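Here is a short tour of strands and cores for you to follow along in your viewer. Take a look at the sequence and the fold below, and then read on.

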Amino acid sequence: MSPSSFLVLLVTFFTSAAAAPLHLTAQPLVAGVLLKSKTFLSPPISLRPGSVSNKWYHDVAFPRGHLALKSFNGELVDARGAPVPLHETYLHHWLVSPYYSSAAAAERRRPRPNAGVCLGLLGQFFGLGAETRRTATRVPDPYGVEIGDPAAPPDGGYVERWSLNVHAIDTRGAADKLGCAECRCDLYNVTVNEAGYAGGAQCCYDQARCRVEEGFADGEPRVLFLRYTVMWVDWSDAAVVPVRIYILDVTDTALLDGKSEPDCKVEYTVEECSAENRARNECVDVKVTKEVLPRGGEIVYAVGHQHAGGTGTSLHGEDGRLLCWSMPTYGDGEEAGNEAGYVVGMSTCYPSPGGAARVRDGEALTVVSNYTGERRRTGVMGHFYLLVADEQEQQPQQRLALNKQQPSSLCFSFPGAFRHGSPSSTIGAVRVKVSVVRSAPSSVVGSPAKASAGHK
C-alpha cells in the first residue's frame, strides 16, 4: 500500500466517534507485573486558520476492565501522525473524565468527578495544556488510579465510559499568536456581555475565530487528532494502593471570604505592573489562596498548571511547610515540544511517604501562583493537581514495596530545562515571592461545555 493510500484510510477510519487503539505494548514492572500501554487517536478535529475547536467527545476509546492507571499522555498530531507545534495550533487543554452511561440509552449519563474541591468544575481525572509533551504524568509505585471497579456503577444498568475534551486554537496566520492563545476578547469575533471581561474561555469557545492576517481568512482546514497513550496494570495483578485526585484552584477565595461553598473561577487576569515596580525590577504578580482538603493522606504526586508568563506555583501545608514547588519550562526553538515563548513543561513532585507531604483531614492548604507582570495577560491559570493515598490502605507487602521504590526525601522532577530562580520571601517557614501586583479574577467560568453554551 502506498503512503498516500494509507493516509486516506487513516483519516477516513478516524471519523467515527471513538478511535481504535494504534498499538498495545507491555513491559515488565515490579515483581513481574506487566505494565501495559495502549495508544489511541481522538475523533478528528478540523481547524482552519484562526478557528477554535472546544468539543467534548463521549465514549472514546479507552482501556476496559478493573485497572490501575499509571499515566496518561497526549499531544496534537496531524493526519500523518507528525506532532503539531504550539505556534501553529495552540493546545489550550485536553481533559479526560470517566462517567456512567446507561446501557439502555447511551445519552443518559451520570458524571464521575474526582474528589474535589471545585464542585462541578475541574472534575477531570487527567488534563494538561501546552505543557503536555514535557510534563511527567507517571503515578509512582505502588499507587494507581482505580477505574473499572465492577461494583462502582450505580444501579439501573450503568457502565463506565470515558469522555475527552480538546480545546485547540489554530494560530496559523494569526494577527497576534500569543494574544489568541490568551483568548483576548478584542482579537475574537465575539460579543462579551460582562463589563470588564478582557479575555479567557468565554471568548475562545467552540467555533469562535481569532483575527488572522490578510490571505489567511479563507485558509484551508486541516485535520488534527489528540494522540493519547494510557499506561496501566491490571488491578488483580498487584497490590495497588488507590489514590484520590484533587485539583486546587488559586482563584477559589471562598475560605478567605468566609463563604461556605467553593468559589472556583478557574482563570484570572494578570494586570501590567506599575512603572514604579518596573523600575525596582519587581514586576511579579502573586496570587495566593487557601483551600481545605476534605480528606487527608499522603501526597504521592503533585504538579502545577500555568500559562505563558507563569514563573512557578507552590503548595504549602497549614503550618507553612512546602509540599510542592512546580516550575514551568519555556521553549526556545521552533520544533514541537520546544516552542519559543510557550510553556512546554511543568516540573512535578514525588514526595516520599511519611514526610512533609502528609496532610490531615480538613487541613487548609495554601496555593501560590506567580506570573510576570511585564504586560497584561488574560485567561491565566494557577491550578494544582494532587494524588493522595490513604496510609491505612497500605498492606504490609505494599509498604515494603513502597519503601524499596521511593527516595528518602522530597523529590522534584524537571522534565525540561530549569529556567527560573528559587523563591525569595516567606509564607510561614517557606520562601515565596513577594506580591507586588494585585490580580483581577475573571468571572466564573464553567467546564468547557458550559463556557461555550452562552455563545451559540
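## Strand E10 and its partners

Seven bridges link strand E4 (residues 52-58) with E10, and this pairing is antiparallel. Within that pairing, asparagine 54 sits opposite histidine 167 of E10. Please keep in mind that this is a predicted model.

E10 also has a pairing with strand E6 (residues 89-102), again in the antiparallel sense, with 13 bridges joining them. One spot to look up here is proline 98, whose bridge partner in E10 is tryptophan 162. As for its surroundings, strand E10 (residues 158-170) is mostly covered, with 11 of its 13 residues buried.

## Two nonpolar cores

In general, nonpolar side chains in soluble globular proteins tend to be buried together. Here, the largest nonpolar core contains 72 residues. Phe62, Leu69, Phe126, Val145, Tyr188, Tyr228 and Leu387 have the most contacts inside this core.

Which residues does leucine 69 touch, leaving out those up to four places away in sequence? The list holds Phe62, Phe126, Val139, Gly144, Val145, Ile147, Trp162, Val230, Met231 and Trp232. Trp162 deserves a second glance, as tryptophan 162 is also the E10 residue that partners proline 98.

Apart from the largest core lies another one, of 22 residues; Val250, Tyr268, Ala357 and Val367 are among them.

## A four-stranded open sheet

Now for a sheet made of four strands. The sheet is open, with the order E14-E22-E16-E17 and antiparallel pairing. Strand E14 (284-293) and strand E17 (322-326) are the edge strands, each pairing on one side only. From one strand to the next, the twist averages 15°.

In this sheet, 10 bridges connect E14 with strand E22 (residues 363-372), and the two pair in the antiparallel sense. If you would like a residue pair to display, try valine 288, which has valine 368 in E22 as its bridge partner.

## Lysine 287

Strand E14 also holds lysine 287. Is lysine 287 buried or exposed? Its relative accessible area is 9%, which is under the 20% cut-off, so lysine 287 counts as buried.

Lysine 287 also brings us back to a residue named earlier. Valine 250 is 37 residues away from lysine 287 in sequence, and their C-alpha atoms are 6.9 Å apart in space. Val250, as you may recall, is one of the residues of the 22-residue core.

Note on methods:
Residues are numbered from 1 along each chain as its sequence is written. This is a predicted model: local features need pLDDT of at least 70, side-chain atom pairs count only at pLDDT 80 or more; totals for chains, interfaces and linings use all residues. Side-chain values use heavy atoms; hydrogens and water are left out. Two strands pair if DSSP finds at least two bridges between them. Axes are lines fitted to C-alpha atoms, for helices over the stretch in contact, and angles run from 0 to 180 degrees between N-to-C directions. Buried means under 20% relative accessible area, exposed over 50%, partly exposed in between (1.4 Å probe, protein chains only). A nonpolar core is a set of buried Ala, Val, Leu, Ile, Met, Phe, Trp, Tyr and Cys residues joined through side-chain atoms within 4.5 Å. Contact means heavy atoms within 4.5 Å.
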